[in-house]
Amino acid sequence: MFEIKRFLNAGLLCALSFVFLVPAMIEGAAQRPNVLMICIDDLNDWVGHLGGHPDARTPQIDALAAQGRVFSNAHCSVPVCSASRVSIFSGLHATTHGSYELGPDYHSIESLRNVPTMHRYFKDRGYTTLSGGKVLHSGFKGFVANDVDQFIGRRAGGPRPERPLHWEPQVWDWGPFPETDGEMYDYQLARAAVEALQKDYGQPFFMSVGFSRPHVPLYVPPKWFDLFDRDALTLPQAPPEDLEDIPDNFKSMDQVAPTQDMILEAGLWRGFVHAYLASVSFTDHCVGTVLKGLRESPHAGQTLVVLWSDHGFHLGEKQHWAKRTLWEESTRVPFVIAGPDVEPGDHCREAVSLLDVYPTLLEMCGLPRNPLLEGVSLVPQIEDPATPRRSPVIISSYHGNHAVRSRDWRYIRYRDGAEELYHHEVDPDEFRNLADDPALGAVKSRLGKWIPRNAAPEAIPLETRLVEREKRKARLHQNRPVK
Ligand SMILES: [Ca+2]
Ligand SMILES: [Ca+2]
């Protein structure tokens, strides 16, 4: 497929152009690959091929990884669902669009009105666009509603039991429910995607399929819990003294999740880890269902598959639960690209961003560059995984707080100037904050020059967010284990 682009570029420069170019472009369009994008919600590096948890069981995602290029040092742009997805589908960093939280969604951000979503960009260039499940946080509405030609189901996740099983309120609950995969909306979505993959659209398609697990509540059928011996599971490394060498900023971040103290006090840590692993394996099965459908479809062999998660997830590391931090657990995500011309091989260990998805797919599909995009095409790393990315990755959480992730380092600078520095070659768990080491001043300044300046303010005014935060705190204190 890279040849298509080169051919078109060469054609555009050709003095003989018109007579030859028009048929060539039409032919090129007919040959463009389809895109199947699989979006996963809140999946951290607990997948087999990333080695984030020794008990993780993800044979389907790992099989895809073995066939394509794994970006094993990939990071979201913003570590929270909605803002991460706005960034992926606009190709713009939060410091440009200003959405750093659960809202506003794409269609409510006036500055994105003239920024085409990935779906729109493909649609305007001869693709049929399809989407199902959780892709943009609250769906394609308003000025992006027509970016998708066909919806293949909007419900994501699954049903909830009448009463919580372990934890109230139910949004943070988990347990074996419902009885069968067929009752799960995520599995129904996978089946709908398989059906849609069998059709001929008369032109290439761009299909996004968004699964909701392992986002809470972690209800999946019992067979996924039964895959694991609960009492033998490895718990994450979370020494309380890990917090002693880091500044206050995100240490006690107010959030909607229970705290590590609450979880420990209730004796529910192991149960939660079990439920997360079960939910990851269920989601893996949904991914495998879609990929099997693709293999058995007329589009096998001409479809690029891209799989990502919107951000990571803490399960007690740094005494934290869920997301929104600038640490590795919160920002690192699975990211795989596979397809007809992607040679399997080594993982790419360069730090890459989910902002790179958009420009990479454009290049792989031979579509013109979108000059608005802030990520970079990873085609060089698909061809040779050792190729350096031209800049480190920037991750932002709320206005003024940024992490700079390179292949071997993470440098964090908070709004108040406080810093953290981790050397991943020797400290992959980010236990030792080296920011005060005078010998590492040069590393800090090399990374620090990438800290964004003039970042867009938060789209949700600070006062509104603080009111919302107080409400969340109040709800948080109502959280309790089910007796
Ligand atoms: Ca998410
Ligand atoms: Ca530490």
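User: Before we start, what is a nonpolar core here?

Analyst: A nonpolar core is a set of buried Ala, Val, Leu, Ile, Met, Phe, Trp, Tyr and Cys residues joined through side-chain atoms within 4.5 Å. Keep in mind that this is a predicted model. The largest such core has 64 residues, and those with the most contacts inside it are Leu36, Ile38, Trp172, Met207, Phe211 and Phe272. Helix H10 supplies the largest share of this core, 14 residues. There's also a second, separate core of 60 residues, which includes Ala351, Val357, Leu378 and Tyr414.

User: What is methionine 207 in contact with, leaving aside its neighbours within four places in sequence?

Analyst: Quite a list: Val35, Leu36, Met37, Leu130, Ile152, Ala193, Ala196 and Leu197.

User: Why is the pair of phenylalanine 272 and tryptophan 321 called edge-to-face?

Analyst: The structure holds 17 aromatic pairs. In this one the ring centres of phenylalanine 272 and tryptophan 321 are 4.8 Å apart, and the planes stand at 80 degrees. Centres within 6.5 Å make a pair, and planes over 60 degrees apart count as edge-to-face, so that's the label. The pair links distant parts of the chain, with phenylalanine 272 in helix H10 (residues 269-295) and tryptophan 321 in strand E12, 49 residues apart. Both phenylalanine 272 and tryptophan 321 are buried. They also belong to one aromatic cluster, together with Trp46, Trp172, Trp174, Tyr276 and Phe313.

User: What makes the arrangement around the calcium ion (ligand 1) irregular?

Analyst: Start with the protein donors: Asp41 (OD), Asp42 (OD), Cys81 (SG), Asp310 (OD), Asp310 (OD) and His311 (NE2), lying 2.1 to 2.7 Å from the ion. Six donors count as octahedral if opposite donors are over 155 degrees apart and all others between 65 and 115. The six donor atoms here subtend angles of 51 to 164 degrees, and 51 falls outside those ranges, so the arrangement is irregular. For reference, the ideal angles for six octahedral donors are 90 or 180 degrees.

User: How do you know that the site ties together parts that are far apart in sequence?

Analyst: The donor spacing is D-D-x38-C-x228-D-H. Aspartate 42 lies in the loop between strand E1 (34-40) and helix H3 (59-67), while aspartate 310 lies in the loop between strand E10 (303-309) and strand E11 (314-315), so the pair joins parts that are 268 residues apart. Both aspartate 42 and aspartate 310 are buried.

User: How do you know that arginine 125 lies over the face of tyrosine 121?

Analyst: Arginine 125 is 3.6 Å from the ring centre of tyrosine 121, and the distance limit is 6 Å. Lysine 318 also makes the cut, with its charged end over the ring of tryptophan 327, 5.7 Å from the centre.

User: Is alanine 322 buried or exposed, and what about asparagine 454?

Analyst: Alanine 322 has a relative accessible area of 3%, and under 20% means buried, so buried it is. Asparagine 454 is at 77%, and over 50% means exposed, so that residue is exposed. Alanine 322, in strand E12, has a positive phi of about 80 degrees. Asparagine 454, in the loop between helices H14 and H15, has phi near 55 degrees. Most residues other than glycine have a negative phi.

User: Which peptide bonds are cis?

Analyst: The bond from glutamate 168 to proline 169 is cis, with omega near -5 degrees. Another cis bond joins phenylalanine 177 and proline 178, with omega about -10 degrees.

Conventions:
Residues numbered from 1 in each chain as written. Chains lettered and ligands numbered in written order. Predicted model: local features only at pLDDT ≥ 70, side-chain atom pairs only at ≥ 80, totals over all residues. Heavy atoms only, no water. Helix = DSSP H or I, 4+ residues; strand = E, 2+ residues; numbered from the N terminus. Buried < 20%, exposed > 50% of the residue type's maximum accessible area, 1.4 Å probe, protein only. Phe/Tyr/Trp six-rings, centres within 6.5 Å; stacked < 30°, edge-to-face > 60°. Lys NZ or Arg CZ within 6 Å of the ring centre and 35° of its normal. Donors = N, O, S within 2.8 Å, 3.2 Å for Na, K, Ca; no water. Tetrahedral: all angles 85-135°; square planar, octahedral: opposite > 155°, others 65-115°. Contact = heavy atoms within 4.5 Å.
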